[in-house]
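Colleague: Got a minute to go through this model with me?
Modeller: Yes, let me put it up.

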Amino acid sequence: MYDTAKVLDSVVTTQKLVANDTVIDLYYDIDTVGPNGGSDGTPDKYQATVTFTVVNGTWTGGGTTRSTVVTLRNAAGEMAADGTYTLRTGDIPTGTANAGYANGVWGANANPNGAVIDRRGASYELTYAPAGTTGPVFPPPDPGPGTGGGTTTIPENPTPLGPDPDGATTILDEEVPLANAVGLNITEHFAYIIGYEDDTVRPLKNITRAEAVTIFFRLMEDDYRAANWSMENPFSDVNAGNWHNNAVSTCLKAGALKHFAQDAAFLPNQAITRAEFASIAAGFVSDEITGESIGDFSDTEGHWAAADIRKAVEAGWIKGVGGNRFAPDETITRAEVMTIVNRMLDRVPDAEHMLPDMKKWLDNPEDAWYYEAVQEATNEHDYDVDEFGAESWTEILEARDWKSLENEWANNGGMSASAEPVKPEEGAEGEGEAEDAGSESEEA
């Protein structure tokens, strides 16, 4: 007989030898970080993840986000230099600017060349500026009201469907009022993203299909969730007992997963693409938003999600990646998700009107384009809104215990047992731990 327990970065197995009452403790180091997210033979505590993002361009080989795992110590636990790692030229990807962009510049004070990496890892962003300029502006220019203070990687709108009497025009953000999402709670500013035990929120990490659906499930108003409540679905890989079962089943019944409904499997652990996320978001668009006045991006015409993307653009929720491109089949990052969801909820964060006692994250620097969006999504707070629509935080609130809430919903057909928010149980932590009774929890 033996018992196991997680101890920091190790799992200890205690085994008692009955013959002489000897106790032997065996320690196994956690090893989940490596190529493609799997183990690589080196304990995680000796490694760090470095993430690179390119704006207005793509990395050589495709994609806008790339991560590399660096080893701070070898598998024997011996120090590699001083327990850090210095980025080499081969570690840093090369990029290609989109049409009309040039002069790639790394974010202010964040040049990865020769940077020293410690266990916390690091994130770097390469931004291409419009051709003819000397470099990008950090943060990107404010595209107009209702966009989270202009902190967004995706500043361009697509070309309208057809020319107006004066010729084709580009719709400016000022001309696109944000449409409130149907069925979602736009009043309470609770933390729908919780983060990780190591004080990181991993904004440039991908997000899975199950995690994305769970966000919308949490954001539903009680009445809307109850009206669409379901614990059953036709997917072969989403079953009773899975932590995401109720979220997927309810969002499917609500009509937010129309594209996925035609597939036999949901693939809950697969990273969600920009098109797939836009399609889910479009499931919460009001009927008066048709997308008929919005043209396709250069890379979405004929795409299966083109109509949903147009609706989300008309609602004011999503934009492109530059050069009239949307990159529909690229994966979406957590930071991009938080930016879009905040727009859907008409939550307009402003760093100058937040509170000093809010939760901060090691990997969410104040000069990052996504700083305000991440803080808004991860800090539960009361707020006031002035006559110009600017949001000012008035109090930091205790984050909700999603696990307990989702158990309540399961027992009450999608409704909370009380109008009062459920406070976290002592020791409850991590995001995405909400689950069906007896199911396996998952980070979201």
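Modeller: We can take helix 4, the cores and the salt bridges in turn.
Modeller: It is a predicted model, where local features need pLDDT of at least 70, side-chain atom pairs count only at pLDDT 80 or more, and totals for chains, interfaces and linings use all residues. Residues are numbered from 1 along each chain as its sequence is written, and side-chain values use heavy atoms, with hydrogens and water left out.

Colleague: Helix 4, residues 274-282: mostly covered or not?
Modeller: Mostly covered, with nine of its nine residues buried. Buried is under 20% relative accessible area, exposed over 50%, partly exposed in between (1.4 Å probe, protein chains only). Helices are DSSP runs of H or I, at least four residues, and strands are E runs of at least two, numbered from the N terminus.

Colleague: What do its buried residues pack against?
Modeller: Helix 1 (209-219), helix 5 (306-314) and helix 6 (334-344), with contact meaning heavy atoms within 4.5 Å.

Colleague: How many residues are in the largest nonpolar core?
Modeller: It has 67, and Tyr192, Phe216 and Phe284 have the most contacts inside it. Such a core is a set of buried Ala, Val, Leu, Ile, Met, Phe, Trp, Tyr and Cys residues joined through side-chain atoms within 4.5 Å. A second, separate core of 17 residues includes Val54 and Leu126.

Colleague: And how many salt bridges?
Modeller: Twelve, each a side-chain nitrogen of Lys or Arg within 4 Å of a carboxyl oxygen of Asp or Glu. One joins arginine 400 and glutamate 188 at 2.7 Å, N to O; the two are 212 residues apart.

Colleague: Is arginine 400 buried or exposed?
Modeller: Buried, at 13% relative accessibility, while glutamate 188 is partly exposed at 36%.
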